[in-house]
Amino acid sequence: MIFKRNEGFRFAFGEPLHASFVILIDGKPQNLEKTQYPCEIQDVSPRGMKMFSNVEIGEDTTKLVQLEIHFILDVTKIRAVGEIVWSKKVIDGFQYGLIFDKQPIVEELIVSELKGRRKKELQRSKTS
């Protein structure tokens, strides 16, 4: 069996993880107040995530639209900037697929935090 070590993995949450985001247009906050919108992370990998929000984020073909996501997987607050690569209208809102491009520190932090989270989950299941 051949393993692709560079291939990413996805960690799906049984219950979505609460987070928040700021909309960036060409790298700058959409508004001066830097409004944070709530969202839920459905799955995450070191290089991206799938999230749900009630906020519709319109496409702009002339400008780069990104989201600055703030979330905690285990103990450390993570701030990642993701480009929207797909969106899908669902019953109560919208799903978005984000890619984190060229953020090695974020990638390492996500892997480390997921390991810590999983270790705690396993310890809890052993004591139950």
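**Reading the calls, value by value**

User: Why is L24 called buried?
Analyst: In this predicted model, L24 has a relative accessible area of 5%. Buried means under 20%, so L24 is buried at 5%. L24 lies in strand 1.

User: What is L24 in contact with, leaving aside its neighbours within four places in sequence?
Analyst: L24 is in contact with P29, L64, V65, Q66, E68 and V81. As for K34, its C-alpha is 9.0 Å from that of L24, and the two are 10 residues apart in sequence.

User: What makes F11 and F13 an edge-to-face pair?
Analyst: Start with the distance. Their ring centres are 5.3 Å apart, and the limit for a pair is 6.5 Å. Now the angle. The planes stand at 70°, and over 60 degrees counts as edge-to-face. Both residues, F11 and F13, are buried.

User: Why is the pair of F21 and Y37 called tilted?
Analyst: The angle between the planes is 35°. Stacked needs under 30 degrees and edge-to-face needs over 60, so an angle in between is tilted. The centres are 5.5 Å apart, within the 6.5 Å limit. The pair links distant parts of the chain: F21 is in strand 1, Y37 is in strand 3, and 16 residues separate them.

User: How do you know whether F21 and Y37 are buried or partly exposed?
Analyst: Set each value against the cut-offs. F21 has 0% relative accessibility, so F21 is buried. Y37 has 21%. Buried stops under 20% and exposed starts over 50%, so Y37 counts as partly exposed.

User: What makes strand 3 and strand 4 a pair?
Analyst: They share 5 bridges, in the antiparallel sense. At least two bridges are needed. A hairpin of 2 residues joins strand 3 to strand 4. S45 has G48 as its bridge partner in strand 4, and I41 has M51. I41 also stands opposite L17. Strand 1 and strand 3 run antiparallel too, joined by 7 bridges.

User: How do you know that strand 4 is mostly covered?
Analyst: Of the 6 residues in strand 4, 5 are buried. Strand 4 also pairs with strand 7, antiparallel, over 6 bridges. There, M49 stands opposite L98.

User: What makes R10 and D43 a salt bridge?
Analyst: Their closest N and O atoms are 2.9 Å apart, and the limit is 4 Å. The pair links distant parts of the chain, with R10 in the segment before strand 1 and D43 in strand 3. At 48%, R10 is partly exposed. At 12%, D43 counts as buried.

User: Why does the salt bridge of R47 and E107 tie together separate parts of the chain?
Analyst: R47 lies in the loop between strand 3 and strand 4, and E107 lies in helix 1, so the pair spans 60 residues in sequence. The closest N and O atoms are 3.5 Å apart, within the 4 Å limit. E107 is buried at 18%, whereas R47 is partly exposed at 47%.

User: How do you know that E121 and R118 meet in a salt bridge?
Analyst: The N to O distance is 3.1 Å, and the cut-off is 4 Å. Both lie in helix 1, 3 residues apart, about one turn of the helix. E121 is partly exposed at 23%, and R118 is partly exposed at 40%. Salt bridges with shared partners join R117, R118 and E121 into one network.

Notes. Residues numbered from 1 in each chain as written. Predicted model: local features only at pLDDT ≥ 70, side-chain atom pairs only at ≥ 80, totals over all residues. Heavy atoms only, no water. Phe/Tyr/Trp six-rings, centres within 6.5 Å; stacked < 30°, edge-to-face > 60°. Buried < 20%, exposed > 50% of the residue type's maximum accessible area, 1.4 Å probe, protein only. Helix = DSSP H or I, 4+ residues; strand = E, 2+ residues; numbered from the N terminus. Contact = heavy atoms within 4.5 Å. Salt bridge = Lys/Arg side-chain N within 4 Å of Asp/Glu carboxyl O.
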